[in-house]
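Open the model in a viewer and keep the selection panel at hand. The stops below are meant to be followed in order.

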Amino acid sequence: MTEKFAKISPFMVDPEPIEKAFQLQDGDFERATSDEKESVVEKHKSISYWRDAGRRFRANTVSMVALFIFILILLFAFLGPALIPYDYAQQYRTAQKLAPGEFSKEEQLVQNVGKHCDGFFATTLQAGSLTAIRKGDYYISADGKTYAFNVSKAIEKAILVYIKDSETPLSVVKMKDVNEDGTWNDSTPIETTDTPAEGATQIKLVKSVFPHVFGTDSAGRDLMARTMFGARVSIIIGIAAALIVLVIGSIYGSISGLAGGTTDFIMMRVVELIYSIPEVLIVLLLQVVLKDPLQAWFDANKTGFVGALGDLGSGIVSIFITFALLYWVTMARIVRGQVLQLKKQEYVTAAVALGASKWRIIRRHLLPNAVGALVITTCLQIPSAIFLESFLSFLGLGVSAPMASLGSLCSDALESITLYPYRLIFPAVILTLIVLTLNLIGDGLRDALDPRLKK
Amino acid sequence: MVSYIVKRILGALGTLLIIMAITFFLMNAIPGSPFLTEKSTPQMIELANKKYGLDQPLLVQFKNYVLNYLRGDLGVSLKMQEGTEVSKIIFGQGKFELSLKLGLLALALAVLIGIPLGCIAAYKRGSWLDGFLRVVTTVGVAIPTFVLATLMLVFFAVQLGWLPVKSNTLPDFKSYIMPVISLSAYYTCYVAKLTRTSMLDAINQDYIRTARAKGVKTSKLVLKHALRNSLIPVVTYLGPVTAGIITGSFVVESTFQIPGLGRYFVQSVLNRDYTVIMATTVILSALVIIMNLVVDLVYRLVDPRITLTTKGD
């Protein structure tokens, strides 16, 4: 008999190990220690539903890549604004209509000055437009030393220049004294002390001007800052609307499915009614109707929850209301379907027999088992809200300036699309990526959470 | 069958009445008067209100709407084309015709391209072609229509000059291309995705294996056995969508400057032209309801096992 044959046939067993296994020794009859017991338990650890789903999700390359990109977009939207010196609402008068990466004339001058010194500061670069260094106490830390000084009168149209190892390292250079190549004809040294005065503001020196990576718009606002902010607004709209739909839809659906009979019939007729409503027109009507009353309500309440809603603006809040009124029906139908299927299961019958209340059954048995379908539908609901907002922005009904959303940025860009196509490209690409990745993540979740659907 | 349809139609009338009520009270909740302009005086507004019966109590106004609609009278426009009959504005000025033409073409594209693409992707599951189609369709449903329409406009009309910038009343073949493609892109991709999923479901069924074992040709297997069973979700989706698509898309019509219904609808809301808003909502809802009924009837054609009842599912 060849070795090859032994490997191929499943019926052939190598006799050696069997004999060895049956040669029992005294040691084999000792009591197992608690460690050994635990190791047996650990070896056969039961895998929970979520762990199993997580493993399936991680095995799905496309969804993992989508998740990674979505996290990058989240970082861009939520951490990004802290990393760039520009603000989404600030208008920089001298920096209008710049192409991506382009500097305004003034910024270019300051940039050139940077080549001739070891660091500079200009309100311009923190705030964008060359205005002034305001009155007050300041200090600068550079090369291990601290330079504190006082500005008694606002310095207009000038920058603060730092030159290492010179007698007076800090000096003020007026912009009118700066030459084209960045050298300057005249400067006023600043007297500095070692200890900053109480309450002094720290100034950070920079070596170059931060570029407008996405360019600026006609009002001189930095488009990257606006895109970051807009992405944040769009994502918040999407998630909040999806949560609203989740709560209303799942409560409505589970009540309908659980009650059955006439209640179910009437509740489902209401769902059908809402399905037949032409949503675009009603959404538009709602937007127009709600705009003024909401604004008045926000103006009357500036604090607390209402105040926070007011910061979002009436456009966004009426989108939430629209979702609460019209868009929960799909979720309700899905939950009802799940409940109808689940309530016939034995464990629900057992719970009923044990005298569990209806609410307890919904909470403990039905919702947890329907959670897969809920997660998937919620995830896929987010893009739909983002789409709706961008459509309303296209009509001029979404968020109002200086607020921005990806939709409003796109629709602003449409006005001058032939001259400045990049203004559309950046927000549109981010918008598309958000919707795309969420769709792919939703697909992955469906495969992971509902293995019955997996083919 | 007949009693089923009659019951459905009666139910639809009730639904329409409720939708009319919702629309009526919503549009009356818009602050201000439709006649309020920079020049108008309170007396002028009062006169106009009297002329169009807007001075009567809301319930009486609503009753009048319902009675007039039962007689087939949609009223006259209050603002945008003051005094013109609404039915004439919607059907008589070529607006509906334009939107219908574009909508039907887009729908045809969605069906004729979307379904075959979905079948191919399902049949070649796991191949590079399937992967490629998956990327294309997923991106297709993720791009907002107005972005796609604008990019096409800038590229093909402005930069290259191949196609007209304004499509107007669709005078020639060239003016159809961009509006139809941008209108149908989303639906085509969605239908393709839907077909692929349900096709995969069908392909894994036992009767397909049986048919294959019997020696049925692959083409016949896909087209006759699998496709027929996988069309139900597609039909369900396309039904209500048809109602929306043939009444015009605001985005496409305003991007390509087509004077269709979609654009007019939106303008009527923004201009508070009450009678036009009401007529639009009722017509659109009626279309959605009719399409849903048609879908239920088509189910029976596609799958004879489905029986029609008025009871809940």
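The tour goes through the two chains, then salt bridges, a charged patch, a contact between chains and two backbone angles.

**Chains**

The model is predicted, and local features are described here at pLDDT of at least 70. Select chain A and colour by secondary structure: 18 helices and nine strands appear. Chain A has 455 residues, of which 46% count as buried. Its exposed area is about 24400 Å², with 58% supplied by carbon and sulfur atoms. Take the contacts in chain A with a sequence separation of 6 or more: 69% of them involve residues 24 or more positions apart.

Now select chain B. How many helices and strands does chain B have? The count is 13 helices and zero strands, and the pattern read along the sequence is accordingly a run of α elements. Along the principal axes, the C-alpha atoms of chain B fill a box of roughly 85 × 60 × 30 Å. Of its 313 residues, 45% count as buried. Chain B exposes about 15800 Å², and 65% of this area comes from carbon and sulfur atoms. For contacts in chain B between residues at least 6 apart in sequence, 74% join residues at least 24 apart.

**Salt bridges**

Side chains of opposite charge can pair when their charged atoms come close. Over all chains, a search of the whole structure finds eight salt bridges. Three of the pairs are visited here, beginning in chain A.

Select A:Arg55 and A:Asp52 and show side chains. They meet in a salt bridge with an N to O distance of 3.0 Å. Both residues lie in helix α4 of chain A (residues 49–59), three residues apart, which is about one turn of the helix. A:Arg55 is partly exposed because its relative accessibility is 47%, and A:Asp52, at 21%, is also counted as partly exposed. Add A:Arg56 to the selection: A:Asp52, A:Arg55 and A:Arg56 are linked in a network of salt bridges.

Move to chain B and select B:Arg196 and B:Asp130. This salt bridge is 3.0 Å from N to O. The pair links distant parts of the chain, with B:Arg196 in helix α8 (residues 173–203) and B:Asp130 in helix α6 (residues 128–142), 66 residues apart. Is B:Asp130 buried or exposed? B:Asp130 is buried, with a relative accessible area of 6%, while B:Arg196 counts as partly exposed at 22%.

Next, select B:Arg209 and B:Asp206. The closest N and O atoms of this salt bridge are 3.5 Å apart. The two residues are separated by about one helical turn because they are three residues apart in helix α9 of chain B. B:Arg209 counts as exposed at 55% relative accessibility, and B:Asp206 counts as exposed at 52%.

**Positive patch**

Select B:Lys214, B:Lys217, B:Lys220, B:Lys224 and B:Arg228 and display the surface. These residues gather in a patch of positive charge. Which helix gives the largest share of the patch? Helix α10 of chain B (residues 218–246) does, with three residues. B:Lys217 sits in the loop between α9 (206–214) and α10. B:Lys217 is exposed because its relative accessible area is 61%.

Stay with chain B and mark its charges. There are 30 positive and 16 negative charges, and the mean positions of the two sets are 11 Å apart.

**A buried serine**

Select B:Ser285, in helix α13 of chain B (residues 274–302). B:Ser285 counts as buried because its relative accessibility is 0%. What is B:Ser285 in contact with, leaving aside neighbours within four places in sequence? The contacts are A:Ser276 and A:Pro278 from chain A, and B:Leu16 and B:Ile19 from chain B.

**Positive phi angles**

The last stops are on the backbone. Select B:Gln257, in the loop between α11 (250–255) and α12 (261–271) of chain B. Its phi is positive, about 55°, although B:Gln257 is not a glycine. With a relative accessible area of 33%, B:Gln257 is partly exposed.

Finish at B:Arg272, in the loop between α12 and α13 of chain B. B:Arg272 is another residue other than glycine with a positive phi, near 55°.

Definitions and conventions. Residues numbered from 1 in each chain as written. Chains lettered and ligands numbered in written order. Predicted model: local features only at pLDDT ≥ 70, side-chain atom pairs only at ≥ 80, totals over all residues. Heavy atoms only, no water. Patch = residues over 30% accessible without salt bridge, like charges linked within 9 Å, V, L, I, M, F, W, Y side chains within 5 Å. Areas by Shrake-Rupley, 256 points an atom, 1.4 Å probe, with all protein chains shown as cover. Salt bridge = Lys/Arg side-chain N within 4 Å of Asp/Glu carboxyl O. Lys, Arg positive; Asp, Glu negative; His and termini not counted. Charge placed at Lys NZ, Arg CZ, Asp CG, Glu CD. Helix = DSSP H or I, 4+ residues; strand = E, 2+ residues; numbered from the N terminus. Buried < 20%, exposed > 50% of the residue type's maximum accessible area, 1.4 Å probe, protein only. Contact = heavy atoms within 4.5 Å.
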